[in-house]
Amino acid sequence: MIEDRGFRLFPGRLDEAVQRALVDAVFAAAADAPFYRPLTPGGQAMSVETTNLGEVGWFTDARGYRYVDRHPLTGAPWPPIPPVLLDLWADAAGAAAPPDACLVNLYRDGARMGLHQDRDEADFAFPVLSVSLGDTAVFRLGGTSRKDPTRSVRLTSGDVCLLSGPARLAFHGVDRVLAGSSRLVPGGGRINLTLRRARPGPANL
Ligand code: SIN
Ligand code: MN
């Protein structure tokens with residue numbers, strides 16, 4: 001485990017069988033909750049394709065960033081978060097409540113993610129737990145101000161990382177994905193699963 005002011009990286013935390021099972025679970029869920037390209041509030045289509053698992057899902061369109069309890073295209077509830085991810089959260093996140101949201105981002109050819117903070121959740125005491133599957137990402141991690149220095153971290157398939165404590169609101173993004181570095185994802189690319197507690201925890205309900 002590599003620890004740096006609340007950013008924790010667990011290299012190779014998930015073995016290949018678990019990685020494969022998660023990819024299968026994601027594509028099975030996507031049969032009911034299809035991937036779509038979200039629109040930023042500025043009206044740009046994001047380069048990643050997205051869906052969600054859990055009671056609520058992160059969503060963006062012209063009205064802004066928010067969590068919604070239905071798939072925007074089908075109107076159906078999001079599929080449940082697989083037990084293996086709930087166990088991982090219980091193990092690695094040290095949180096008092098389970099995650100209620102799992103954002104699924106699919107990076108096909110050329111997709112990336114600009115530097116941003118995760119700040120649409122009710123309580124930043126809950127960490128953000130991220131799982132990388134498939135092609136290696138060149139991940140960028142900064143501080144809590146956009147102007148803070150950043151560093152580059154390679155996230156390979158099976159890596160898990162945690163943004164907690166002082167790093168909970170750290171700026172982060174994906175500069176690029178190294179196409180063909182893994183054969184895990186059918187059709188190629190990378191899947192990132194981001195587990196979060198979006199709504200208040202039980203103590204605050
Ligand atoms: C995100 O911040 O939503 C995704 C990060 C990643 O793909 O590793
Ligand atoms: Mn993020």
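This report looks at ligand 1 and at the two largest pockets in a predicted model.

## Who surrounds ligand 1?

Let's start with the neighbours. The residues around ligand 1 are L103, N105, Y107, M113, H116, F139, H172, V174, R190 and N192. Sort that shell by class and you get five nonpolar residues, four polar ones and one charged one.

Which element gives the largest share of the shell? That's β6, with three residues.

## Polar contacts with the ligand

Now zoom in on the oxygen atoms of ligand 1. A polar side-chain atom of Y107 is 2.5 Å from one of the ligand's oxygen atoms. For H116, a polar side-chain atom lies 3.1 Å from an oxygen atom of ligand 1. R190 joins in too: an N or O atom in its side chain is 2.8 Å from a ligand oxygen.

How much of ligand 1 does the protein cover? On its own, the ligand has 260 Å² of accessible area, and the protein covers 96% of that.

## The pocket that holds the ligand

Where does ligand 1 sit? You'll find it in the largest pocket. The elements that give two or more residues to the shell around the ligand are β6 (101-107), β7 (113-116), β12 (172-177) and β13 (190-196).

The largest pocket itself holds about 490 Å³ of space. Its lining is made up of 26 residues, and M113, H116, D118, H172 and R196 are the ones nearest its centre. Two or more lining residues come from each of β6, β7, β8 (128-134), β11 (160-163), β12 and β13. β13 gives the most to this lining, with four residues, whereas β6 gives the largest share of the ligand's shell. By class, the pocket lining splits into 12 nonpolar, nine polar and five charged residues.

Some names come up twice here. M113, H116 and H172 belong to the residues around ligand 1, and they're also among the lining residues nearest the centre of the largest pocket.

## The second largest pocket

There's another pocket to look at. The second largest pocket has a volume of about 260 Å³. Which residues lie nearest its centre? They are D4, R5, L141, G142 and G143, out of 14 residues that line this pocket.

As for the mix of classes, the lining of the second largest pocket has six nonpolar, four polar and four charged residues.

Terms used:
Residues numbered from 1 in each chain as written. Chains lettered and ligands numbered in written order. Predicted model: local features only at pLDDT ≥ 70, side-chain atom pairs only at ≥ 80, totals over all residues. Heavy atoms only, no water. Near = heavy atom within 4 Å. Polar contact = N/O pair within 3.5 Å; in protein donor to acceptor, adjacent residues only side chain to side chain. Areas by Shrake-Rupley, 256 points an atom, 1.4 Å probe, with all protein chains shown as cover. 1 Å grid on protein atoms, 1.4 Å probe; cavity = no way out; pocket = protein on both sides within 12 Å on 5 of 7 lines; lining within 4 Å. Sits in = over half its atoms within 2 Å of the grid points. Nonpolar A, V, L, I, M, F, W, Y, C, P; charged D, E, K, R; others polar. Points joined across faces, edges and corners; volume = space filled by probe spheres on them.
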